[in-house]
Amino acid sequence: MSGFLDESLAGFCETIAAETSAPGGGSVAAIVGGMASSLAAMAARFSTEHWEGAAGAVAQAEAMRARLLPLAEEDARAYENVLLALRTPNDADGDVRDAAIGDALSRAADVPLEIAETCVDVAMLAVELVERGNPNLHGDAATAALLAEAAVRASANLVEINLGTREGDERLERARALVEIVRRTARRALHPTQ
């Protein structure tokens with residue numbers, strides 16, 4: 001499983017499609033976010049004559065991609081740890097087993113939450129490019145925002161699943177808030193105000 005980021009795109013798609021537990025939804029969301037940040041970087045590079053902030057936008061997009069891609073493998077590892085905890089024999093100390101499962105699920109929620117937080121930033125940058133960047137790249141920047149929105153929604157859903165038994169966990173509210181923020185942001189990509 002490790003090292004799937006070094007595969008070709010076709011190979012990575014085969015790895016996802018295989019009958020294995022990981023990579024799964026969180027890893028794919030991180031990759032989609034990385035692709036969205038790549039589109040934002042491209043749109044920013046073509047916007048240097050249209051917006052003085054374009055060079056900074058390139059740097060931001062590249063930094064977000066560099067943050068997101070490793071999260072794909074980190075998410076896969078976190079989910080594998082959940083599966084390991086779930087395989088703990090039932091005859092083990094129940095409290096120890098429950099604690100191990102709870103800890104693994106908590107960590108498996110942290111990674112998609114980080115993916116969602118970063119992808120909200122990608123969407124915001126992409127919308128800024130729609131509004132200020134090269135008009136010939138508005139479609140690419142809007143696509144970046146929409147892909148980032150999908151990654152946020154998918155990641156937030158995983159946070160909800162992994163924390164489903166933790167009432168009152170602030171990460172649940174944070175994930176829900178990120179979905180609302182990105183929803184409004186992506187709508188701006190489709191209906192820019194200039």
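L172 is found in helix 6, where helices are DSSP runs of H or I with at least four residues, strands are DSSP runs of E with at least two, and both are numbered from the N terminus. With a relative accessible area of 10%, L172 is buried; here buried means under 20% relative accessible area, exposed means over 50%, and partly exposed is what lies in between, using a 1.4 Å probe and protein chains only. Leaving aside neighbours within four places in sequence, L172 is in contact with V159, E160, L163 and R166, contact being heavy atoms within 4.5 Å. L172 and S38, on the other hand, are 134 residues apart in sequence and 28 Å apart in space, C-alpha to C-alpha.

A quick word on the ground rules. This is a predicted model, in which local features need pLDDT of at least 70 and side-chain atom pairs count only at pLDDT 80 or more, while totals for chains, interfaces and linings use all residues. Residues are numbered from 1 along each chain as its sequence is written, and side-chain values use heavy atoms, with hydrogens and water left out.

Now zoom out. The protein chain has 6 helices and 0 strands, so to speak a plain α-α-α-α-α-α when you read along the sequence. Its C-alpha atoms fill a box of roughly 65 × 40 × 25 Å, taken along the principal axes. Of the 194 residues, 44% count as buried. If you take contacts between residues at least 6 apart in sequence, 75% of them join residues at least 24 apart. The chain exposes about 9700 Å², and carbon and sulfur atoms supply 53% of that; the areas come from the Shrake-Rupley method with a 1.4 Å probe, and for residues only the protein chains shown count as cover.

What sits in the middle of the packing story is the nonpolar core, meaning a set of buried Ala, Val, Leu, Ile, Met, Phe, Trp, Tyr and Cys residues joined through side-chain atoms within 4.5 Å. The largest one has 57 residues, and I115, C119, L125, L129 and V152 touch the most other members. Helix 2 (25-45), helix 3 (54-86), helix 4 (94-132), helix 5 (138-162) and helix 6 (170-190) each supply at least two residues of this core. Helix 4 gives the most, with 17 residues.

Pick L129 from that list and look around. Not counting residues up to four places away in sequence, L129 touches A40, A43, A44, S47, W51, A57, H138 and A141. One of those partners, W51, lies in the loop between helix 2 and helix 3. W51 is buried too, with a relative accessible area of 12%. Beyond four places in sequence, W51 touches A57, E128, L129 and R132. W51 and D169 are 118 residues apart in sequence and 41 Å apart in space, C-alpha to C-alpha.

Helix 5 gives you two residues to compare. S155 lies in this helix and counts as buried because its relative accessibility is 0%. Setting aside neighbours within four places in sequence, S155 is in contact with A29, P112, I115 and A116. D140 is found in helix 5 as well, but it counts as partly exposed, at 28% relative accessibility. With the same neighbours-within-four exclusion, D140 is in contact with L39 and M42. D140 and M42 are 98 residues apart in sequence, yet 8.3 Å apart in space, C-alpha to C-alpha.

Finally, go back to the start of the chain. In helix 1 (residues 9-17), G11, F12 and T15 are buried. Seen down the helix axis, these buried residues fall within an arc of 100°, so they line one face of helix 1; the arc is that of the directions from the helix axis to the C-beta atoms. The general reason is that an α-helix has 3.6 residues a turn, so residues three or four places apart point the same way. The buried residues of helix 1 pack against helix 2, while L9, A10, E14 and A17 are exposed on the other side. In the loop between helix 1 and helix 2 you will find P23, and the peptide bond from A22 to P23 is cis, with omega near 5°.
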